[in-house]
Amino acid sequence: MNRFSLAASRGIARVTEAALGPYQTAVIRIGFSATWLLFLLREFPHRHELYGPDGPWSWGLAEQLIGTNKAFTTLMWSDGGAWFEIVYLLAVLASALLMLGWRTRTMSVLFMVGVLSLQNRSVFMGDGGDNVLHLMSVYLVFTRCAQVWSLDARRARRARAAHARGERVTDRTGPALWGVLGLVLAGATLAGRMEGDWLIPTLLWAVWVTQALWWLAGRRAKPGQPRIMLDVVADIVHNGALLVIMAEACLIYATAGWYKIQGSRWQDGTAVYYPLHLEYFSPWPGLADLLSASGTMVMLVTYGTVLVQVAFPFTLFNRRVKNVLLAVMITEHAVIAVVLGLPFFSLAMIAADAVFLPTAFLRRMGGRAARARDRLLRRRGPGQAPEQHVHDRPEATHVGFGT
């Protein structure tokens, strides 16, 4: 009983004392926001046909479907072309700022709103990766994904340095964003635009109120207990969301693998051959012919795909085997991006896989990227010393508004 109590207390302390996986959540933040940003930029010339008033999925059809499923989308607030352009451009801006980690808490909410607004407006636009992005955009709101590799982390380091010098740091941008978005949220609610599913409007209001409590606890409350309590709650929510993201990735692979087992083409080892020869999925016909020339190779890839997808959730108990299968899956998605012409599906899946990447590997990659950037800065400005970066302080973003 004593051992059990000790183990339980250690587990509770681990969950409540810190936000786990700072590097993993930073990678998935960058990965999903970059995937959505690249998709929006690539489809910018075709945005009206995909999600706008000129698309085959007309305003009337979308209105009928959303009246049934009660999905959240700001694009149904108005059928004007100007409103569509505003929503699309704000989705692009929010994706870019979330990738950079600027005011991450606010940008994660706006990123979610952009993803849901566009995808729920035209539900048939996508290649499978949109479903993953749809779910992850909601989960990211609950994470503290700006602890490292973000502009918020750099701002927090500078604020700590200023406090150490006895300087007073005043954040005006965060409260201004909070006030403006609060007015928009209140106006949309009073105008009846939030009718339908209660989940997303409730989440938007909850985040807005939480930001106010966070600011008051940090600026107005004299004792430190309120801020400590909010910090513990934020860590618990973050760790719970991280667990959900990992479980979601495992569920995707397990479901895909077990459904493949039931298919006759996967059972006889020929399933991979057919998509390679579909015109829609053959941007490089010569490469597809080369890969499918060997029946043995097709059979090995077919059976290997099923084996990796079914086995992956069980390999989480063995770190070495998990890392090997993780490398195999990332390589497989990279091949799918090139051979089948599904880059955004592959990028979304690679971003989901990144939650399982080892911390040591991510820190090494981050260190190499920082050194490469510093060398580039020295070449551009020989007389300027590069900024010192602290990669092992994920708690840095616990200060400031909107992180």
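Where is the place of Pro358? I started there and found Pro358 in the loop between α17 and α18. A reminder to myself before going on: this is a predicted model.

**Entry 1: Pro358 and Thr359**

I looked up the exposure of Pro358 first. Its relative accessibility is 27%, so Pro358 counts as partly exposed. For contacts I skipped residues up to four places away in sequence, and Pro358 then touches Gln24 and Asn323. I also checked a long-range distance: Pro358 and Ile236 are 122 residues apart along the chain, and 21 Å separates their C-alpha atoms.

Next I moved on to Thr359, which is found in helix α18. Thr359 has a relative accessible area of 35%, so I have it down as partly exposed. With neighbours within four places in sequence left aside, Thr359 is in contact with Tyr23 and Gln24. Gln24 is also on the contact list of Pro358. The Thr359 and Tyr23 pair is 336 residues apart in sequence, yet C-alpha to C-alpha I get 6.6 Å in space.

**Entry 2: α2 against α18**

Those contacts sent me to the helix pair. At what angle do α2 and α18 pack? I have about 60° for helix α2 (residues 22–42) and helix α18 (residues 359–380), with the axes 9 Å apart. The crossing of α2 past α18 is left-handed. On the α2 side, Tyr23, Gln24 and Val27 make the contact, and on the α18 side Thr359, Leu362 and Arg363 do. Sorted by class, that contact has three nonpolar residues, two polar ones and one charged one.

**Entry 3: α17**

I then went to α17, on the other side of the Pro358 loop. Is α17 largely enclosed or left open by the rest of the structure? Eight of its 11 residues are buried, so I call α17 largely enclosed by the rest of the structure. I wrote down the buried ones: Phe344, Phe345, Ser346, Ala348, Met349, Ala351, Ala352 and Asp353. What do they pack against? I get α2, α7, α11 and α16.

**Entry 4: Ala241 in α11**

Since α11 turned up among the packing partners of α17, I picked a residue in it. Ala241 sits in helix α11 (residues 225–261). Its relative accessibility is 8%, and buried means under 20%, so Ala241 counts as buried. Which residues is Ala241 in contact with, leaving aside neighbours within four places in sequence? I found Tyr139, Phe142 and Thr143. I also took the distance from Ala241 to Val308: 67 residues apart in sequence, 25 Å apart in space, C-alpha to C-alpha.

**Entry 5: the two pockets**

I ran through the pockets next. Rolling a probe the size of a water molecule over the atoms shows where empty space is left.

The largest pocket comes out at a volume of about 940 Å³. It is lined by 33 residues, and nearest its centre I find Trp266, Thr305, Glu332, Ile336 and Leu340. Elements giving two or more residues to this lining are α7 (129–140), α11, α13 (273–276), α15 (295–311), α16 (319–339) and α17 (343–353). By class I count 23 nonpolar, seven polar and three charged residues in the lining of the largest pocket.

The second largest pocket has a volume of about 750 Å³. I list 33 lining residues here, with Val109, Leu110, Val113, Leu181 and Val184 closest to the centre. Which elements give two or more residues to this second lining? They are α5 (81–100), α6 (104–121), α9 (173–190) and α10 (199–219). The classes for the second largest pocket are 26 nonpolar, six polar and one charged.

**Entry 6: positive phi values**

Last, I looked at backbone torsions at the two ends of α5. Lys70 is found in the loop between α4 (59–69) and α5. Its phi is positive, about 60°, although Lys70 is not a glycine. At 43% relative accessibility I have Lys70 as partly exposed.

Arg103 has its place in the loop between α5 and α6. Phi of Arg103 is near 50°, again a positive value in a residue other than glycine. Is Arg103 buried or exposed? It is buried, with a relative accessible area of 5%.

Definitions and conventions
Residues are numbered from 1 along each chain as its sequence is written. This is a predicted model: local features need pLDDT of at least 70, side-chain atom pairs count only at pLDDT 80 or more; totals for chains, interfaces and linings use all residues. Side-chain values use heavy atoms; hydrogens and water are left out. Axes are lines fitted to C-alpha atoms, for helices over the stretch in contact, and angles run from 0 to 180 degrees between N-to-C directions. Helices (H or I, at least four residues) and strands (E, at least two) are DSSP runs, numbered from the N terminus. A crossing is left-handed if the near helix is turned anticlockwise from the far one by less than a right angle, and right-handed if clockwise. Contact means heavy atoms within 4.5 Å. Ala, Val, Leu, Ile, Met, Phe, Trp, Tyr, Cys and Pro count as nonpolar, Asp, Glu, Lys and Arg as charged, and the others, Gly among them, as polar. Buried means under 20% relative accessible area, exposed over 50%, partly exposed in between (1.4 Å probe, protein chains only). On a 1 Å grid over the protein atoms alone, a cavity is a set of points where a 1.4 Å probe fits but cannot get out, and a pocket is an open set with protein on both sides within 12 Å along at least five of seven lines; lining residues have an atom within 4 Å of a point. Grid points are joined across faces, edges and corners, and a volume is the space filled by probe spheres set on the points.
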